[in-house]
Amino acid sequence: PSLVAIPGFVFVHAGLRPGVPLEQQSDEDLLWIRPHESFPSPSELVVIHGHTPVPAVDVQPGRINVDTGAFASAILSCVRIDRDGKIVKLAVR
C-alpha cells in the first residue's frame, strides 16, 4: 500500500497533500510530494516519511523524516515508536 495508518501515525513514502483527507490522498502525492515545514499534517496524526534526504532523522511537530540518503551517506535510519508514543531515533552505518 502507498499509505499505512495506525492510531496516531501514518506511514508514507513522501508525504501528504495538506487539507486532503487520508482516504482521498493520491498515490502520486504519497510517492512524490516534497514535504517541508509549512506543510501541516493532520493534527491528530504524526506522518512518518522519507523521499527528501536530510542529514539526520528530522523530528518536527506532526511529522518525522527518516530519509538520511543511505544511497550516498551509507547511513540507514529508522525510528522506533513505543506503545506510549515515545520516539527513538536509530541510525545504522
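**Exercise 1. The first strand pair**

In which sense do strand β1 (residues 3–6) and strand β2 (residues 9–12) pair, and over how many bridges?

Solution. Before the steps, note that this is a predicted model, in which local features need pLDDT of at least 70 and side-chain atom pairs count only at pLDDT 80 or more, while totals for chains, interfaces and linings use all residues. Residues are numbered from 1 along each chain as its sequence is written, and side-chain values use heavy atoms, with hydrogens and water left out.

Step 1. Helices (H or I, at least four residues) and strands (E, at least two) are taken as DSSP runs numbered from the N terminus, and two strands pair if DSSP finds at least two bridges between them.

Step 2. β1 and β2 are joined by four bridges and pair in the antiparallel sense, with Leu-3 standing opposite Val-12 in β2.

Step 3. The two strands form a hairpin with two residues between them, and Gly-8 in that turn has a positive phi of about 90 degrees.

**Exercise 2. From the hairpin to the sheet**

Establish the order of the strands in the open sheet, and name its edge strands.

Solution. Step 1. From β2, three bridges lead to strand β3 (residues 46–49), and these two strands run parallel; Phe-9 stands opposite Val-46 in β3, and Phe-11 opposite Ile-48.

Step 2. β3 is in turn joined by three bridges to strand β5 (residues 63–65), again in parallel, and the bridge partner of Val-47 in β5 is Arg-63.

Step 3. The open sheet has five strands in the order β1-β2-β3-β5-β4, with mixed pairing. Its edge strands are β1 and β4 (58–60), each of which pairs on one side only.

Step 4. From one strand to the next the twist averages 15 degrees, where axes are lines fitted to C-alpha atoms (for helices over the stretch in contact) and angles run from 0 to 180 degrees between N-to-C directions.

Step 5. For the chain as a whole, the secondary structure comes to two helices and seven strands, which follow the pattern β-β-α-β-β-β-α-β-β along the sequence.

**Exercise 3. Salt bridges**

How many salt bridges does the chain contain? Describe the partners of each and their exposure.

Solution. Step 1. The rule asks for a side-chain nitrogen of Lys or Arg within 4 Å of a carboxyl oxygen of Asp or Glu, and by this rule the count comes to two.

Step 2. One of them joins Asp-29 to Arg-17, with the closest N and O atoms 2.8 Å apart. This pair links distant parts of the chain, since Asp-29 lies in helix α1 (residues 27–32) and Arg-17 in the loop between β2 and α1, 12 residues apart.

Step 3. Exposure is classed by relative accessible area (buried under 20%, exposed over 50%, partly exposed in between, with a 1.4 Å probe and protein chains only). Asp-29, at 15%, is therefore buried, whereas Arg-17, at 36%, is partly exposed.

Step 4. The other salt bridge joins Arg-80 to Asp-82, the closest N and O atoms being 3.3 Å apart. Arg-80 is partly exposed at 44%, and Asp-82, at 26% relative accessibility, also counts as partly exposed.

**Exercise 4. The surroundings of Thr-68 and Cys-78**

Is Thr-68 buried or exposed, and which residues does Thr-68 touch? Carry out the corresponding analysis for Cys-78.

Solution. Step 1. Thr-68 is placed in the loop between β5 and α2 (70–73), and its relative accessibility is 7%, so Thr-68 counts as buried.

Step 2. With contact taken as heavy atoms within 4.5 Å, and not counting residues up to four places away in sequence, Thr-68 touches Val-54, Pro-55, Ala-56, Val-57, Ser-73, Ile-75, Leu-76 and Ser-77.

Step 3. Cys-78 belongs to strand β6 (residues 76–81) and is partly exposed, with a relative accessible area of 36%. Leaving aside neighbours within four places in sequence, Cys-78 is in contact with Val-57, Val-66, Val-88, Lys-89 and Leu-90.

**Exercise 5. Confidence**

Where in the chain is confidence lowest, and where is it highest?

Solution. Step 1. The predictor's confidence in each residue is given as pLDDT, from 0 to 100; the chain has a mean of 86, and 89% of its residues reach 70 or more.

Step 2. Confidence is lowest in strand β7 (residues 87–92), at a mean of 75, and highest in α1, at 94. Where pLDDT is low, the predicted coordinates should not be read in detail.
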